Each structure stands twice: as C-alpha cells, then as structure tokens.
Amino acid sequence: MKNVVVFASGSGSNFQALIDAQSDSNSNYRISGLIASRENIKAIQRAETSNIPHRIVSKKEYSDESTFVTAIDAALLEFQAEFIVLAGYLSKIPSSIIDKYRNRIINIHPSLLPKFGGKGFYGINVHSAVIAAGEKQSGCTVHYVTENYDEGDVIEQVIVPVLETDSPEILQQRILTHEHSCLISSLIKTIQKSES
Ligand code: GRF
C-alpha cells in the first residue's frame, strides 16, 4: 500500500472517489492526507468524515515561493506521502515539489488534453470553451504533472460526447461522473508502473 496525498480546492468529489475505492480488492494505495488550499471547502468535510488528516496550505499566505514550498514539504512529510494526486487544486505546484515527486504526481483535467488545457483553462471555463468551439466530444484526462500546466504524459483519457443541448454546467457534471473511475484506475496504474 502506497501513501497518497490529495490536493484539492473545492468540492472534492474526486477525492471522495479515491477514498471510497481505497479498500477495493485491486487497490494499492491508502489516502494518508489532504492538502487543501483554503478553509471551509467540502473536501475538508469529506476528509473529516473519513478520519483523514488535512492541512490547509494557502499560497497567498506565503510571501515567497520558498516558504510556500516549506509548508507543502512539511505536510507531505507529516502524511508520509509517496504519491500525490492533484484533484482540482487551483494553485500552481512549485517546481521543486514536482521534481521531488517526478512520475509520482498526477493531475486530473476535465478535457481531452492537449485540447483546452493550459493557463486559464480550469473549472467551468474549460466546458464553456469546448461548447463555444463546437466540439462534438470532450472528456477527461489524467496525466503526469510537469513544470508546464497540463502538459505531462497522458495516463488515461475518457471520451464523453458533447450534446447539442449541453450547457457548460451540464457537460461539466456529465464529465465529472467519468472522472472518478478514470482517476482511480490511473492512480493504480501509476503506482504499478513505479514498482515495475
Ligand atoms: C474536476 O473537474 C477536475 O477535473 C478539475 O477540478 C475539478 C475538481 O472537482 N481539475 P472535484 O473537486 O473533485 O469535485
């Protein structure tokens, strides 16, 4: 069992999916902690309900990158992190952390990367852009995290059709239901690969 720390900034439905699947027979991980970017988010409530410890590490509270890194490092050490999952964490992860966890840090993004990825493409913006571009399909991507936003190698993608009647919100919800299983299997695969 590998210790996995999840970073989240909002609802944490992906975090919840990882918690729920950690006791499955094919699981090779346990969620050892949550790093949240702010207080009062649903992801923290989910952590508390499941007795998973959390720390709040909010970038705006640190005057420079090195103190931000120190705070993240301390939380990762406390949770004995072996792998990291970014599941809707809105701050950029410092490059020294990415380097330390190279090939052991993954992110979920709600589009078919490389389409609709990069700076500014987060949350509902992604789905609004997909619909505005007249795309017939969208989906989600789990990929390794590198220093450039949304650019690391793809681990898994799920294609989801875009319907003519879709609003950005409806498309977002439909894709989210596919994100959960995609993230679980990608994490399991990432851990297996690191052990082979
Ligand atoms: C998901 O759409 C994920 O792809 C993106 O942020 C959202 C997080 O949703 N990176 P949730 O907090 O897991 O419900």
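**The ligand site and the largest pocket**

The largest pocket has a volume of about 900 Å³, a volume being the space filled by probe spheres set on grid points that are joined across faces, edges and corners. This is a predicted model in which local features need pLDDT of at least 70 and side-chain atom pairs count only at pLDDT 80 or more, whereas totals for chains, interfaces and linings use all residues. Residues are numbered from 1 along each chain as its sequence is written, and side-chain values use heavy atoms, with hydrogens and water left out.

Colleague: Why is the largest pocket called a pocket?

Modeller: On a 1 Å grid over the protein atoms alone, a pocket is an open set of points with protein on both sides within 12 Å along at least five of seven lines, whereas a cavity is a set where a 1.4 Å probe fits but cannot get out. Its lining, counted from residues with an atom within 4 Å of a point, has 39 residues, and G88, Y89, L90, I108 and G123 are the closest to the centre.

Colleague: What makes the contact of S13 with the ligand a polar contact?

Modeller: A polar contact is a pair of N or O atoms within 3.5 Å; a polar side-chain atom of S13 lies 2.6 Å from an oxygen atom of the ligand, so the pair meets that cut-off. A polar side-chain atom of E179 lies 2.8 Å from a ligand oxygen atom, and for G12 a backbone N or O atom lies 2.7 Å from one.

Conventions
A polar contact is a pair of N or O atoms within 3.5 Å; within protein, one must be able to donate a hydrogen and the other to accept it, and residues adjacent in sequence count only if both atoms are side-chain atoms.
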